[in-house]
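Thanks for making the time, everyone. I would like to walk you slowly through one structure, so please have a look at it before I go on.

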Amino acid sequence: MLQKVKVWDWPLRLFHWGLVLVVTAAVVTGKMGGPLADWHGRLGIVVLGLVVFRLLWGFVGTTHSRFADFFPTPARLLAYGRGVWQGLGHNPLGGLSVLALLGLLLLQVVSGLFANDDIAFEGPWAVLVDKSLSDRLTAWHGRLSWGLLGLIGLHIAAVGFYARFKKINLLLPMMTGYKRIAADDGIPISSGRLEPGWLLVSTVMAAGLALSVANGVLPDRFIRLLDITAPAVDIEEPEPAVL
Amino acid sequence: MTRKWGLVVVTSLISLAVQAGPIEDQIRYRQSAYSFIGWNFGKIKNQVVDHPETYNKDQVVAAANALAATANSGLGALFGPGTDKGTGWKPTRLKAEFFQQPEDVRTAGVAFITEATALARAAESGNPEIIKAQFNKTSETCKGCHDKFRAKE
């Protein structure tokens, strides 16, 4: 007897599919460049907001959204390798994939903040570094984009592999939130409660961070903190002449 | 006697360091030219694309004129043979392809000069929409050359 179990909460699903749209647009605008560079920059800020939200939600979301539920510890990976892992959310391999994708996206966003296209676009934090460092970070941003595309391809291939060879549909649950499991599978069913308060806090914090980064509020604070307009050499007060 | 020879050696070494060859000079001049172009391009972008409420006709005209003048100053002379290797202010990013595809180089160069000159004319119109359209056209000519002939960092 199959029963429907709620696994993925709606903020998580919204985040996932939002990311699909935004990252696709970012890749296209990034590769085309030129007048689209400004849009690429804006999309990057949206990615920052989404990723920060996911990182926060990983601590305050429902059960299977939390990192604690799927973090690929050596014990879990070993169990999975031996075929004895059981669970409703991401399996340990899936968990690794989540962390890799989030990590790579974060690296892309941070490097992109300092990047420039040598024509008319520069990231909101490019003002903090000299052109040479900005150029190097831009180059890394370009190289990492291929790694990101590779990881995304792997992710899609894995979903396909599960459908074709394991006869497990991973796409539908990520859309509806529900998985069908046999009632006597023995897998502990727990989804926790979606806390609207935490959802609000996470959304506001993520959006706030993204907007302040985009509008140079953080660079402004950094600049005042580091006082980068100060002279490079300490000016010594001349000693009073001894008459 | 040794002191005199020491002085000769030291001044020779200094003059060797200061005296860059013709290749280094070309690279330095063109790196300066494109930096200067980028500065003026950024000014136009700021007033016409990013913050149109700050548009000042005279300032944009001045920036566009400086840009067009630099574009028309014969920058081709700074891309002599062998200048794909060497250091001006920093190591050059010119690719060897530049010397293997002279026709494409000519197309890219002429495109830049044409659009930069048109940008200066558009700036005279005082109409930010017209300037913005021409700004976009000009930035595509920058990209046209960069994509083909400049190495990534």
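Let me begin with a question: which side chain of chain A does B:Arg93 meet in a salt bridge? Bearing in mind that this is a predicted model, the partner is A:Asp118, with a distance of 3.6 Å from N to O. That pair belongs to the interface of chain B and chain A, across which the rule finds five salt bridges, and there are also four residue pairs in polar contact, both residues at pLDDT 80 or more.

On chain B, the elements that give two or more residues to the side touching chain A are α2 (22-50) and α6 (128-149), and α6(B) provides the largest share, seven residues. By character, the residues on this side of chain B divide into eight charged, four nonpolar and three polar.

Taking the interface as a whole, 15 residues of chain B are in contact with 14 residues of chain A, and the two chains bury about 1100 Å² between them, with 55% of that on carbon and sulfur atoms. Of the area that chain B buries against chain A, B:Lys45, B:Lys143 and B:Glu153 supply 46%, more than any other three residues.

Let me stay with α6(B) for a moment. At its N-terminal end, B:Asn127 acts as a cap, with a side-chain oxygen 2.9 Å from the backbone nitrogen of B:Glu129. Several residues of this helix are buried, among them B:Ile131, B:Phe135 and B:Lys143, and what covers the buried residues of α6(B) includes α1 (10-32) of chain A as well as α2, α3, α4 and α5 of chain B.

Note on methods: Residues are numbered from 1 along each chain as its sequence is written. Chains are lettered from A and ligands numbered from 1 in the order in which they are written. This is a predicted model: local features need pLDDT of at least 70, side-chain atom pairs count only at pLDDT 80 or more; totals for chains, interfaces and linings use all residues. Side-chain values use heavy atoms; hydrogens and water are left out. Contact means heavy atoms within 4.5 Å. Buried area is the accessible area (1.4 Å probe) that two parts lose on being put together, summed over both. A salt bridge is a side-chain nitrogen of Lys or Arg within 4 Å of a carboxyl oxygen of Asp or Glu. A polar contact is a pair of N or O atoms within 3.5 Å; within protein, one must be able to donate a hydrogen and the other to accept it, and residues adjacent in sequence count only if both atoms are side-chain atoms. Helices (H or I, at least four residues) and strands (E, at least two) are DSSP runs, numbered from the N terminus. Ala, Val, Leu, Ile, Met, Phe, Trp, Tyr, Cys and Pro count as nonpolar, Asp, Glu, Lys and Arg as charged, and the others, Gly among them, as polar. Buried means under 20% relative accessible area, exposed over 50%, partly exposed in between (1.4 Å probe, protein chains only).
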